[in-house]
Amino acid sequence: MYRLFFGFFSLIFISLSSCQSSTTTEADANLTQAQEIYDEAIVVHDEVMPRMDEMMRLRRTVQQQMDSLQQVDSVAYADTLQQMQTIVQNLKEADDAMMQWMRNTVGVPTQEELQSPDPVDTTNIIQVQQQQKAAIEQVKQQMESSIEEAKALIAEMEGNIKQN
């Protein structure tokens with residue numbers, strides 16, 4: 001009877017241990033995958049972050065050209081001024097989007113954070129990282145398009161000045 005009782009509890013203990021091990025392995029795999037996605041998002045961020053200065057310079061240049069045109073004749077250049085205002089706004093929105101992404105980005109919890117008295121919830125960590133990566137890719141596209149738009153306008157304005 002003792003052997004049967006001991007064998008039964010040994011079987012239960014082994015079963016519970018393997019379940020916990022399976023859960024731990026799955027959690028580790030999820031954290032690893034989430035970290036890879038996070039790292040990919042950071043690569044995109046690091047690629048476009050240096051362009052923030054370029055956006056600021058372009059915004060300042062377009063704003064200065066707007067100010068000059070307004071002094072000359074704001075009625076005659078109304079359409080151009082509206083286009084310039086849109087470009088300035090697009091550059092500002094791209095800058096704001098990057099700042100917001102950086103403020104809201106959540107990293108992947110470390111093992112220490114997971115083992116703390118208040119462990120971090122990792123239920124949807126992969127989904128969170130995928131959303132953050134998609135968001136920074138959208139910021140990248142927004143930054144690149146607003147930069148190209150501003151450069152094209154500046155080149156057009158410089159071409160018009162040379163012709164006159």
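This tour proceeds from the whole chain to one pair of helices and then to individual residues.

**The whole chain**

Begin with the complete protein in cartoon representation, bearing in mind that this is a predicted model. The secondary structure consists of five helices and zero strands; read from the N terminus, the order of elements is α-α-α-α-α. Next, display the accessible surface, which amounts to about 11,200 Å². Carbon and sulfur atoms account for 53% of that area. Colouring by burial is also instructive: 24% of the 164 residues count as buried. If a contact map is available, consider the pairs separated by at least 6 positions in sequence; 82% of those contacts join residues at least 24 apart.

**Helix 2 against helix 3**

Select residues 51–73, which form helix 2, together with residues 78–104, which form helix 3. How do the axes of these two helices cross? They come within 10 Å of one another, at an angle of roughly 155 degrees. Helix 2 is therefore roughly antiparallel to helix 3. The crossing of helix 2 past helix 3 is left-handed.

Now show side chains along this contact. On the helix 2 side, select M52, M55, M56, L58, R59, V62, Q63, Q65, M66, L69 and Q70. Their counterparts in helix 3 are T80, L81, M84, Q85, I87, V88, L91, K92, A94, D95, M98 and M99. Coloured by chemical class, the residues of this contact divide into 15 nonpolar, five polar and three charged.

**Two stops within this contact: Q65 and T80**

Centre the view on Q65, in helix 2. Is Q65 buried or exposed? Its relative accessibility is 15%, so Q65 counts as buried, the cut-off being under 20%. Beyond its neighbours within four places in sequence, Q65 contacts M84, I154 and M157. Of these partners, M84 belongs to helix 3, while I154 and M157 fall in the range 125–163 of helix 5.

Move next to T80, which lies in helix 3. T80 is partly exposed, at a relative accessible area of 24%. With its neighbours within four places in sequence set aside, T80 is in contact with L69 and M157. M157 is thus a partner of T80 and also of Q65. To see a further approach, draw a C-alpha distance from T80 to L153: the separation is 9.4 Å, although their positions lie 73 residues apart along the chain.

**Helix 1: A41 and H45**

Select residues 2–48, which make up helix 1, and locate A41 within helix 1. A41 counts as buried, with 2% relative accessibility. Which residues does A41 touch, not counting those up to four places away in sequence? They are W101, K133 and I136. A C-alpha distance drawn from A41 to Q130 reads 8.5 Å, for a sequence separation of 89 residues.

Continue along helix 1 to H45. This residue is also buried, with a relative accessible area of 12%. Leaving out neighbours within four places in sequence, the contacts of H45 are M98, W101, M102 and I136. Displaying A41 and H45 together brings out two shared partners: W101 and I136 are touched by A41 and are likewise in contact with H45. M98, another partner of H45, is one of the helix 3 residues that meet helix 2.

**Helix 5: E137**

For the final stop, select residues 125–163, the extent of helix 5, and find E137 there. E137 is partly exposed, with a relative accessible area of 37%. Where does E137 stand with respect to V44? Their C-alpha atoms are 6.8 Å apart in space, while the two residues are 93 apart in sequence.

Technical notes:
Residues numbered from 1 in each chain as written. Predicted model: local features only at pLDDT ≥ 70, side-chain atom pairs only at ≥ 80, totals over all residues. Heavy atoms only, no water. Helix = DSSP H or I, 4+ residues; strand = E, 2+ residues; numbered from the N terminus. Buried < 20%, exposed > 50% of the residue type's maximum accessible area, 1.4 Å probe, protein only. Contact = heavy atoms within 4.5 Å. Areas by Shrake-Rupley, 256 points an atom, 1.4 Å probe, with all protein chains shown as cover. Axes fitted to C-alpha atoms, helices over the stretch in contact; angles between N-to-C directions. Parallel < 35°, antiparallel > 145°, perpendicular 65-115°, else oblique. Left-handed = near helix turned anticlockwise from the far one by under 90°. Nonpolar A, V, L, I, M, F, W, Y, C, P; charged D, E, K, R; others polar.
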